[in-house]
Amino acid sequence: MIELDIAVVGGGFSGCVVVAQLARHAPAGLSLGLFEPGELGRGAAYGTAHGEHLLNTRAEAMSLFPDDSDHFVRWLGGRAKPREFVARRLYGEYVAQNATRALERARFTHVADRAARIYRSQDGRFVVESGSGTRFRASAIVLATGNLPPNDGFLPREIRLHPGYVADPWRFDYRRVGGHVLVVGSGLTALDALSALESCGHRGSVHVVSRRGRFPEAHADVAPYDVIPALDTRDARALLRSFRRHVADAARRGFDWRSVVDAVRPEAEAIWRRLPPSEQRRFERHLRGHWERRRHRAPQQVDAVRQRYSANRRLFVYSGTVAGMQSGVVTLALRDGSTAQLNADWIVNCTGLARGSAFARDPLLGEMLAAGSISVASSNMGLRVTNELAAIGESGATTQGLWIVGPLVRGSRFEATAVPELRVMAEQAAGEVLNALAGGRQSLVGSGG
């Protein structure tokens with residue numbers, strides 16, 4: 001049994017930043033293992049093989065460290081301007097270099113293997129069992145396994161068994177895709193798929209279907225809003241109305257709506273927490289999609305790809321759902337009550353982050369769910385955590401010694417997918433772990449899983 005103070009499970013963005021923060025602030029002698037079988041810093045977001053996949057946020061806002069906003073721009077060293085959208089693979093290199101540097105600290109190590117199991121030992125600490133069977137005992141665990149592949153249980157079985165079905169659009173090489181392509185979903189991932197197809201010389205048609213048939217808005221250079229909007233959080237309807245009033249007032253004073261969205265963003269988590277739980281669920285059902293189209297915008301270079309496909313009459317967009325597939329022909333059920341049929345050589349699932357039963361199907365998370373050490377949030381969008389990012393078990397009690405960061409906590413946190421929020425989350429988790437370790441063994445060992 002190898003002894004550790006801290007085990008960080010997952011070496012994508014969130015796990016790497018947690019390690020970087022711990023390397024900055026942990027007392028001498030603390031031991032840490034980062035469990036990641038693949039390249040550090042890549043994960044789903046930055047592991048793409050396509051150089052044309054760009055960040056959706058400008059370089060000036062992509063520092064790993066909340067207290068050093070220019071860190072990434074300095075690292076770029078003139079390779080890009082602060083207001084540019086740089087390649088995601090380049091950003092992955094930045095994350096990896098910082099994680100590697102952090103792991104040079106004495107008693108910090110990269111365990112180049114997956115965490116196959118996490119469970120309590122007899123002394124109340126956690127055991128992390130690697131894929132090769134090596135066991136590590138740790139006082140604290142930070143779970144940062146990142147994005148699971150999109151859900152596909154809603155898709156007809158014929159589509160999931162189709163030889164051209166792409167279940168994981170983030171890790172796919174589009175160079176072999178040709179003919180007619182059906183993209184399910186119309187968010188940023190769908191735009192990434194279009195960019196990759198174009199760069200790989202795709203000459204066929206692309207059909208995109210989603211519930212609303214709308215793509216994300218595009219970024220633009222706008223003046224920052226000069227006030228912090230005060231929004232009404234009595235309920236979701238009041239929130240929407242007050243936001244619209246601010247947008248209208250901003251327009252009268254010459255501000256773009258993007259300025260208002262960007263001004264709200266730093267306050268979004270606090271606004272979300274002020275909504276009653278029933279209104280949070282109402283927001284998720286009716287307003288989340290509208291917000292994310294405007295909040296998670298696409299670089300103009302990426303949106304230009306969509307426009308070129310459309311101008312060449314090779315892009316067809318449908319508002320509806322996939323109803324079935326037979327002999328290579330897909331049937332769409334459209335929102336207006338009609339149907340459409342199309343041939344599809346390839347079907348790419350771009351419906352976004354996993355939710356609900358996907359967590360139980362994951363081998364590591366599924367076993368932890370069964371053991372009751374973690375639990376799924378009522379929204380089904382992620383796992384339950386406290387305000388301090390401590391895991392909440394099936395009983396509703398905090399699972400002592402276990403913290404969760406990254407997209408896994410979507411639902412418990414309003415924003416859990418973008419760097420400006422994830423880096424704050426990672427900093428907070430690192431601080432909570434160090435505080436607990438400093439408080440002694442009793443603060444880390446207990447019931448609740």
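**Exercise 1. The chain as a whole**

What percentage of the 449 residues of the protein chain count as buried? Then work out how compact the chain is for its length.

*Solution.* Keep in mind that this is a predicted model.

Step 1. Start with burial: 55% of the 449 residues count as buried.

Step 2. Now list the secondary structure: the protein chain has 15 helices and 15 strands. Its radius of gyration is 22 Å, close to the 22 Å that the globule rule gives for 449 residues, so the chain is as compact as a globular protein of that length.

Step 3. Add the outer dimensions. Along the principal axes, the C-alpha atoms fill a box of roughly 65 × 55 × 50 Å.

Step 4. Look at the contacts. Among those with a separation of 6 or more, 70% join residues 24 or more positions apart.

Step 5. Finish with the surface: about 19,400 Å² is exposed, and carbon and sulfur atoms supply 48% of it.

**Exercise 2. The closed space**

Find out how many cavities of 30 Å³ or more the structure holds, and describe the lining of the largest cavity.

*Solution.* Step 1. There is one cavity of 30 Å³ or more, and about 70 Å³ of space lies in the largest cavity.

Step 2. Find the lining residues in the structure; among them are Gly146, Asn147, Leu148, Phe359 and Met381.

Step 3. Sort the lining by class: seven residues are nonpolar, two are polar and none is charged.

**Exercise 3. An open pocket**

Which helix gives the most residues to the lining of the second largest pocket?

*Solution.* Step 1. The second largest pocket has a volume of about 460 Å³. Of its 19 lining residues, Leu240, Phe243, Leu287, His290 and Trp291 are the closest to its centre.

Step 2. Helix 7 (236-252), helix 8 (257-264), helix 9 (268-274) and helix 11 (288-295) each supply at least two residues of the lining. Helix 7 gives the most, with five residues.

Step 3. Divide this lining by class: 16 residues are nonpolar, one is polar and two are charged.

**Exercise 4. Two arginines**

Are Arg107 and Arg313 buried or exposed? Locate each one too.

*Solution.* Step 1. Arg107 lies in the loop between helix 4 (88-102) and strand 3 (108-111). Although Arg107 is not a glycine, its phi is positive, about 75 degrees.

Step 2. Arg107 has 52% relative accessibility, so this residue counts as exposed; the cut-off is over 50%.

Step 3. Arg313 sits in the loop between helix 12 (300-311) and strand 10 (315-326). Arg313 has a positive phi of about 55 degrees, though it is not a glycine.

Step 4. With a relative accessible area of 72%, Arg313 is exposed.

Terms used
Residues numbered from 1 in each chain as written. Predicted model: local features only at pLDDT ≥ 70, side-chain atom pairs only at ≥ 80, totals over all residues. Heavy atoms only, no water. 1 Å grid on protein atoms, 1.4 Å probe; cavity = no way out; pocket = protein on both sides within 12 Å on 5 of 7 lines; lining within 4 Å. Points joined across faces, edges and corners; volume = space filled by probe spheres on them. Nonpolar A, V, L, I, M, F, W, Y, C, P; charged D, E, K, R; others polar. Helix = DSSP H or I, 4+ residues; strand = E, 2+ residues; numbered from the N terminus. Rg over C-alpha atoms; globule rule 2.2 N^0.38 Å. Buried < 20%, exposed > 50% of the residue type's maximum accessible area, 1.4 Å probe, protein only. Contact = heavy atoms within 4.5 Å. Areas by Shrake-Rupley, 256 points an atom, 1.4 Å probe, with all protein chains shown as cover.
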